[in-house]
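Open the model in your viewer with the cartoon on and side chains hidden. The tour below goes selection by selection.

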Amino acid sequence: MSGIALEMRGITKNFGSNHVLKGVNLEAHSGEILALIGANGAGKSTLMNILCGLFQADDGQILIEGKEVRFSHPMDAIQAGIAFVQQEMTLMPTMSIMDNMFLNTFPTKCGFIQYGDIKEKCRESLKRLGCGYSPETLVGSLGAGDRQLVQISRALLCDPKIIIFDEATSSLTEPEKEKLFGVIEQLKKSGVCIIYITHMMDEIFSLCQKVMVLRDGIRAGHGLVSETKHDDLVQMMIGDKASELNTHAKKPGNCSERVLMKVENMSRYGVIDHISFELHAGEVVGIWGLMGAGRTETIRCAAGIDPIDEGDIYIADKDGQLKKVKSANVIKHVALITEDRRVDGLALSMSVKENMTSANIRNLTGISKLFIDGKRERQVVEEQVKKLEIKVADIDLPISSLSGGNQQKVILGRWIQKDLDVYIFDEPTRGLDIGAKADVIREINALAAAGAAVLVINSDIDELISVSHRYLVMYHGRITKELPADATKTELMAAAMDLQIEGVHI
């Protein structure tokens, strides 16, 4: 076995009264992939943020190759050979890929940046992951998957001794995942120590040699992956909740012929082309397609977030009559859970309470209609926190102090309290642990059972199948097929790639 590359001993971290890490120990070897897993809020990202100098531990030691180190700044960790591919995007959208990749490490000569050198290094790093974009491409023009590849490429530039991947595949397509796994295998063979944070069980068993489980800020288990069973990991992660996971399979639903939302010939030139669909009361409609097919662009236009060049959008009124609604006013009638919660889902400097009620302020004002009823606001938030099992010590804490999964639940609670008829979910379970995913799927089913219309984008085909009553398949900015609930994975994949199965065009 290769030598110990990293030890973290008795790491403790508190955020106010919230005890996130309670004396955690971690050991990782060179030339080895250690899976670090746990439910959202277990402390995984906090532990790695301490290792990378983003946070300071309240107590404990960090040893790199047997020598104790202290990092007061992320650059200290980078110089020590530690790279961190974070779950949340840390790129500047108004800057180029090249500038983002060398933001803290521009090579200079006589005070001048060597742009020729960094362009070539950037191109080589992108090529390593099969990403064909020009180094001068603006990051803001890239989709979530391509941005993730840029982050990974940036981490590999410094030839790290230790590299941390935090949900690195959450935005990637299957071909992109395979390329990344190939790179990770090469890093392992070259002696790099890899810590791999993931909620994907299949990735743990196919990629990792060892596993460590965090639960509520303590180490709940660790050992060889080859000697560990899937069910054991789930039990260590979420305890008694493991027995609930099979109770939220797709329900028959309460689908009706009543149309709650209708979109006709909606186009945004160069992005989506003549999109038409209807959403009925009591049904969950899945939008399926490969990355770049136009799924997110479609729902953003349908929800009135992005402008449209032509087409009409209709929303049912209280009497069930469809009324044409101006694009800019659709968001008043539709709940939208966006793909990137940190960019356009949350106000990170505001509290959990303020984020939870930000879409419902009008209904929380008192008799005067001028001031928020603080008592009512707190009651509504606490109801949602309890219902969605959100882990938060105090609803007045900044939303940024919560884990990604709990942040996602806050967004969900924000819209559920409004009791709308139409809900749109864009990758609602991305980056969530197995228990939190079950919670979100349960709420989607509950909304449909209560008579709402739900539109869902999910790149995990199994999860999409588990909730959808029918599918809209997209290809190159258009809806090319509508498939029924009993469509198979093969049929969905073939339709997404505009292929044929057994001579029948799908």
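The stops cover two sheets, the nonpolar cores, the cysteines and one helix. Keep in mind throughout that this is a predicted model.

**Stop 1: the four-stranded sheet**

Select residues 4–15, which are strand 1, and residues 59–64, which are strand 4. These two strands run antiparallel and share 5 bridges. Show side chains for two of the pairs: Met8 has Ile62 as its bridge partner, and Glu7 has Leu63.

Now widen the selection to the whole sheet. Its 4 strands lie in the order 2-1-4-5, as an open sheet with antiparallel pairing. Strand 2 (18–29) and strand 5 (67–69) are the edges, each pairing on one side only. From one strand to the next, the twist averages 25°. Add residues 44–51, helix 1, which packs on this sheet and touches strand 1, strand 2 and strand 4. The direction of helix 1 makes about 115° with that of strand 1.

Zoom in on the edge at strand 5. Strand 4 and strand 5 are antiparallel and joined by 3 bridges, with Ile62 opposite Val69. The hairpin between them has 2 residues between the strands, and Glu65 takes a positive phi near 50° there.

**Stop 2: the six-stranded sheet**

In what order do the 6 strands of the other open sheet lie? The order is 6-9-10-3-11-12, and the pairing is mixed. At the edges are strand 6 (82–85) and strand 12 (218–224), each paired on one side only. Neighbouring strands here are turned by 15° against each other on average, direction ignored.

For a parallel pair, select strand 3 (residues 32–38) and strand 10 (residues 193–197), which share 5 bridges. Leu36 has Ile197 as its bridge partner in strand 10.

Next add two helices that pack on this sheet. Helix 6 (residues 174–189) touches strand 3, strand 9 (162–166) and strand 10, and its direction makes about 145° with that of strand 10. Helix 8 (residues 230–238) touches strand 3, strand 11 (210–215) and strand 12, at about 30° to the direction of strand 11.

**Stop 3: the nonpolar cores**

Select Phe165 and Ile184. They have the most contacts inside the largest nonpolar core, which has 46 residues. Around Phe165, show the residues it touches, among them Val85, Ile152, Leu180, Ile184, Leu187 and Ile197. A second, separate core has 42 residues, including Leu420, Ile441, Ile444 and Val456.

**Stop 4: the cysteines**

How many disulfides does a search of the whole structure find? It finds 0. Select Cys193: the nearest cysteine sulfur belongs to Cys52 and is 12 Å away. Cys193 is buried, at 0% relative accessible area. Cys208 is likewise in no disulfide, and the nearest cysteine sulfur, that of Cys193, is 12 Å away. Cys208 has 7% relative accessibility, so it counts as buried, the limit being under 20%.

**Stop 5: helix 14**

Finish with residues 434–449, helix 14. At 1.5 Å a residue its 16 residues should span 22 Å, and the end C-alpha atoms are 23 Å apart, which agrees. Is helix 14 largely enclosed or largely open? Of the 16 residues, 12 are buried, so the helix is largely enclosed by the rest of the structure. The buried ones include Lys437, Asp439, Glu443 and Asn445 as well as Ile441 and Ile444. Just after the helix, select Gly451, which has a positive phi near 105°.

Terms used:
Residues numbered from 1 in each chain as written. Predicted model: local features only at pLDDT ≥ 70, side-chain atom pairs only at ≥ 80, totals over all residues. Heavy atoms only, no water. Expected span 1.5 Å × (residues − 1). Buried < 20%, exposed > 50% of the residue type's maximum accessible area, 1.4 Å probe, protein only. Pairing = 2+ DSSP bridges. Axes fitted to C-alpha atoms, helices over the stretch in contact; angles between N-to-C directions. Contact = heavy atoms within 4.5 Å. Core = buried A, V, L, I, M, F, W, Y, C linked by side-chain atoms within 4.5 Å. Disulfide = S-S within 2.5 Å. Lists of a residue's contacts leave out its neighbours within four places in sequence.
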